[in-house]
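User: I am new to this structure and would like a close look at one topic, its salt bridges. Please take me through the partners and their surroundings in one connected account.

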Amino acid sequence: MKNRGFLHYFLKSSSGIMTSRVLGLVRDLTVAAVFGANRFTDAFFVAFAIPNLFRALFAEGALSSAYVPILAEKYAKSKDNAIKYLNQLIIGVSGFILFITLLVYIFPDYIITLFMPGSRNDLDVIGAASKMLVIVMPYLWFVTVVAMLTGYLNLMGSYYVPYSSTAMLNIFMMLGALAGYHYGGNIIYLAWGVLLGGVAQLLYVFFYSLKKGFKVVSFGERDPDLKKTFLLIIPSIAGLGINQINFVVDRIFASFLSAGSISFLYYANRLFQFPLGVFSVALNSVSLTEMSRALANNDRVRAYKIIDKSIISLCFIVIPATIGLFLLSYDITALIYKRKSFGITEAKLTSEALKMYSIGLLFYSLVGLFTRVFYTKKDTITPVRVAFFMSMLNALLDYIFMFRFGHAGIALASSVVAMINTIILYKKIGDYRFSFYENGGLMLKIVLSSVIMSCFIIIGKYFKINVLINVVLSSLLYFASCRLMGIRIREVLR
């Protein structure tokens with residue numbers, strides 16, 4: 001395995017996620033055009049959110065954060081032992097997934113009612129959501145195995161294939177939406193698209209893993225680090241999981257608002273997740289792998305430099321993205337979603353939530369990074385404690401803000417909580433502190449370039465320049481300003 005540069009791995013990772021996210025946008029605009037935003041789309045998004053909640057934990061959070069450092073240590077000593085350990089981990093986690101799936105199959109109506117209590121008296125919605133939940137639930141196992149194989153492929157230096165695998169899900173969901181359109185707008189076909197997409201996603205990653213040296217081996221004698229991993233996974237799930245549960249709590253509160261509120265939050269969150277997924281998740285995943293390697297070699301100086309580099313890289317991309325999403329929230333929403341069943345009113349209500357979500361974009365990114373810093377240091381307790389209090393604060397702010405701002409207030413609460421979470425985690429990291437002395441000048445140039453870009457966006461809106469042209473020109477102006485100020489992408493990511 002070649003030990004290439006941070007930039008190389010980041011570009012491979014982000015390009016893979018970009019492939020999936022672009023297709024994800026196409027999927028969402030297809031779903032919006034066919035089904036719009038109503039009580040039955042609310043039902044689907046709640047049903048899909050339940051396996052997706054665990055997907056977020058495993059594919060982008062707790063599982064990889066807990067086992068990747070251990071896998072890296074094992075691989076450095078013996079590839080065969082690392083593969084054996086991963087096989088045993090897959091079997092162990094599969095048992096846990098099976099237990100969750102059986103619970104869902106036994107009590108689908110109760111689980112749906114728990115997730116959308118505001119619709120408990122609408123039997124049509126509860127029935128439709130329960131039926132779709134039963135269909136989509138096996139997706140959880142497929143995507144969990146994909147997540148574990150992704151950690152292995154990252155150690156092999158492979159990032160594009162695992163992070164582009166969600167494209168398979170998006171393709172099959174689009175086919176499901178089109179089938180639903182063909183059969184009179186029946187949203188149940190969208191749920192079948194999720195199930196078939198999960199199968200395709202797993203096959204795509206599994207066969208590539210075989211090509212990269214992975215193999216299925218017999219269980220044999222249990223690896224002594226297996227128990228250690230599960231002990232790390234449990235608090236990791238509690239830590240990153242609480243952050244994901246906040247999104248579930250948001251939907252619960254939204255279920256008490258007008259029909260379509262859950263859908264407005266979903267569509268807005270998908271647009272918000274585009275830069276978060278393409279850049280933040282990709283960079284944090286690469287950072288976790290690189291920090292784990294550095295700490296496995298007892299190179300603490302390099303590990304902390306990677307954190308500095310990651311913060312700068314996040315600011316370089318996320319600050320201008322935040323400004324763009326905030327200033328162009330309606331224009332972007334209308335461009336992506338406004339067609340057929342998704343009209344001007346739906347676009348306006350979705351853009352209000354997007355604007356509030358965008359405020360917290362940088363903080364969401366930094367929370368993900370700082371949490372992974374704790375996990376590379378084998379500290380899974382601190383993020384859990386912080387996240388627990390943040391979840392209570394999130395619920396309180398949801399309740400307060402929803403009366404003033406409706407569904408947009410729920411999005412605002414999430415952003416405020418992310419900001420507070422970021423500050424607390426940074427202060428609790430320990431001996432690490434961001435080097436403002438070395439990087440302050442670079443950060444100032446990024447902020448100034450972002451201000452110049454924001455002025456151009458405002459002028460473009462005033463003269464009613466097409467949103468795509470505005471986005472392209474303002475982005476080019478941002479990168480040109482950075483270049484004129486002496487910033488180079490290789491300098492930021494090197």
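Analyst: Asp122 is a good place to begin, a residue that counts as partly exposed at 23% relative accessibility, where buried means under 20% relative accessible area, exposed over 50% and partly exposed in between (1.4 Å probe, protein chains only). The model is predicted, so local features need pLDDT of at least 70 and side-chain atom pairs count only at pLDDT 80 or more, while totals for chains, interfaces and linings use all residues. Residues are numbered from 1 along each chain as its sequence is written, and side-chain values use heavy atoms, with hydrogens and water left out.

The partner of Asp122 is Arg39, which is likewise partly exposed, at 34% relative accessibility, and their side chains meet in a salt bridge at 2.6 Å, N to O (a side-chain nitrogen of Lys or Arg within 4 Å of a carboxyl oxygen of Asp or Glu). Because Arg39 lies in helix H2 (residues 39-60) and Asp122 in the loop between helix H5 (108-115) and helix H6 (123-136), the pair ties together parts that are 83 residues apart in sequence; helices here are DSSP runs (H or I, at least four residues), numbered from the N terminus.

The structure holds seven salt bridges, and another of them joins Lys74 to Asp223, with the closest N and O atoms 3.1 Å apart. This pair links distant parts of the chain, 149 residues apart, with Lys74 in helix H3 (residues 62-77) and Asp223 in the loop between helix H10 (188-211) and helix H11 (225-254). Lys74 and Asp223 are both buried.

Elsewhere, Arg27, Asp28 and Arg270 are joined into one network by salt bridges that share partners. Within that network, the side chains of Arg27 and Asp28 meet at 3.3 Å, N to O, and Arg27 is buried, with a relative accessible area of 2%, as is Asp28, also with 2%.

Technical notes: Helices (H or I, at least four residues) and strands (E, at least two) are DSSP runs, numbered from the N terminus.
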